Amino acid sequence: MEFPVLDPKLLDDVKHVPQGDPLLMDNLEPLKRLAPQHTKVGPSYTGSFRSVDVRHAKELTYEEFVHCYMEPNRPVLIQGAMEGWRARKEWVHEDGSPNISALEHVVGDTMVCVTDTRQQQDGCGEVKEMSLAEYLAWWRARHESQGGRGQEHSQQQQQQQQQQEEEKQSLTSQGGCKRAEYRPHYYLKDWHFCSVAPPEYRAYEVPCYFRSDWLNAYYDALGEAQKQKTQEQEASTSRGTSTADYRFVYLGPAGSWTPLHSDVLRSYSWSANVAGVKRWLLLEPEHTFLLYDRHYMRLAPDFGVDQVNRAGSCPAARGPEMQMPASAAATTASALAAQAVQQPFLEDPNLAQTFPRLQEAHPLLFECIQGPGDILFVPSGMHHTVTNLCDTLSINHNWINPFNVHWTWALLHAQRKKAETSIEDI
């Protein structure tokens, strides 16, 4: 199938983008007319979510992917598209857990960015730069404190539950005073692995569905231009954190999570689970306005789904074909409990008052439990949250092509209009 040619008329008319996202609208009056007359705070949503289609790569052609998912902007979970990946062979232990030593062996000691997910009160939290060696040392120390990798399910579950109790109640004496002992929960995110790995090391192949990629092609061209610089310049930046493209590796412990957001530039994204299990909640872009406060200025930090409902979403619901890691089933409930500790605003009664329409979004949510070997296609403008139900290692790309470039154009167009308005009187 040939890739479509972009119609320039699309860039002159942004009305084809669903008018439900405040960031894409020049005029918010239509949304303000939809505001509820009275704020009604009801019980947390405990119903079922909408399901994401699950397709196998052997049966899903590129043409069908385009017409059923990419063009209509619908999510889909694709299985069997990671067969033969080097990452799936080398980055995973026999019990299904991430093999961090393999990553260390490939890239050595480079710089990475991590986020303490216990500090994500509103938004994605502060990003901290550290060496890969420092992060992996923290990862190993955390596992040693839990009794090591590969324990029996009952032992591991008991250890994790005990650790969570310690994290909630642990007190240390200092000068006659007592204070809660703080333990960070680091999530390695947005790591430009391909930029620091040796060129001959091919960890994976981009599936055919995602190869029409203007965004990374642009950054690849920039990278080629940078190679023309002097060796001295290259050497001076060789240990810096690379930001050369939109190809990422994520490594997160059980319970780590990403707050509510949509992807950069309203791009598409695909997320491939090399090891571990993720739980996704997603909302279609035409309903985005439900996630904002009454002034359409602040985005909610989470969908606000209660923990009882979250704990009820177990990877086992996907059935035996998921091939769960040995520890995943035992750690699911405890990982969700750990998430509850990290997200105190979920129990905050002010959440529904600050975001009065948030509960209207709950029955509209898609839920997806993504197991190892699964790839999730996330459409443009679709807000989502992600929780690692066990230790998880994934590969993620953001990309733009003729089917969604109008989303990027609409966002940049609206942001420029707002910037022009804000500086009119300067």
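**Exercise 1. Describe the open sheet that contains β15, and place its strands in order.**

Solution. Five strands make up an open sheet, in the order β1-β13-β12-β15-β10, and their pairing is mixed. The edges are held by β1 (50–51) and β10, each with a single partner strand, so one side of each has no neighbour in the sheet. Before going further, note that this is a predicted model, in which local features need pLDDT of at least 70 and side-chain atom pairs count only at pLDDT 80 or more, while totals for chains, interfaces and linings use all residues. Residues are numbered from 1 along each chain as its sequence is written, and side-chain values use heavy atoms, with hydrogens and water left out. Strands here are DSSP runs of E with at least two residues, helices are runs of H or I with at least four residues, and both are numbered from the N terminus; two strands pair if DSSP finds at least two bridges between them.

The next step is to follow the pairs. Strand β12 (residues 278–283) pairs with strand β13 (residues 366–370) in the antiparallel sense over five bridges, and there Arg 279 stands opposite Ile 369. On β15, β12 pairs in the antiparallel sense over six bridges, with Lys 278 opposite Asn 388. Strand β10 (residues 257–261) is also antiparallel to β15, over three bridges, and Trp 257 stands opposite Thr 387.

**Exercise 2. Decide whether β15 is enclosed or open to the outside, and check both of its faces.**

Solution. A residue is called buried when its relative accessible area is under 20%, exposed when it is over 50%, and partly exposed in between, using a 1.4 Å probe and protein chains only. By that rule six of the six residues of β15 (residues 383–388) are buried, so the strand is largely enclosed by the rest of the structure. In a regular strand the side chains alternate between the two faces of the sheet. Taking the faces in turn, His 383, Thr 385 and Thr 387 are buried on one side, and His 384, Val 386 and Asn 388 are buried on the other.

**Exercise 3. Work out how α5 is placed against its surroundings.**

Solution. Begin with the length: at 1.5 Å a residue, the 14 residues of α5 (residues 132–145) should span 20 Å, where the expected span is 1.5 Å times one less than the number of residues. The end C-alpha atoms of α5 are 20 Å apart, which agrees.

Then list the buried residues of α5, which are Leu 132, Tyr 135, Leu 136, Trp 138, Trp 139, Arg 142 and His 143. Seen down the axis of α5, these fall within an arc of 155 degrees, so they line one face of the helix; the arc is that of the directions from the helix axis to the C-beta atoms. The face turned away from this buried side carries the exposed residues Glu 144 and Ser 145.

Finally, look at the partners: the buried residues of α5 pack against α4 (100–107), β4 (111–116), β5 (127–131), β8 (186–191) and β9 (247–252), contact being taken as heavy atoms within 4.5 Å. Just after the helix, Gly 147 takes a positive phi of about 100 degrees.

**Exercise 4. Find what surrounds Ile 400, and describe the strands β11 and β16.**

Solution. Ile 400 lies in the loop between β16 (392–399) and α14 (405–422), and at 7% relative accessibility this residue counts as buried. Although Ile 400 and Trp 214 are 186 residues apart in sequence, their C-alpha atoms are 5.4 Å apart in space. Leaving out residues up to four places away in sequence, Ile 400 touches several residues, including Trp 214, Leu 215, Leu 265 and Val 405.

For the strands, start with β11 (residues 268–275), where eight of the eight residues are buried. Seven bridges join β11 to β16, and the two run antiparallel, with Ser 271 opposite Asn 396. The pairing of β11 with β14 (residues 374–378) is also antiparallel, over four bridges, and the bridge partner of Trp 270 in β14 is Phe 377.

**Exercise 5. Locate the nonpolar cores of the chain.**

Solution. A nonpolar core is a set of buried Ala, Val, Leu, Ile, Met, Phe, Trp, Tyr and Cys residues joined through side-chain atoms within 4.5 Å. The largest has 50 residues, of which Phe 65, Trp 91, Tyr 135 and Phe 193 touch the most other members. Apart from that core lies another of 20 residues, among them Leu 283, Tyr 292, Phe 303 and Leu 351.
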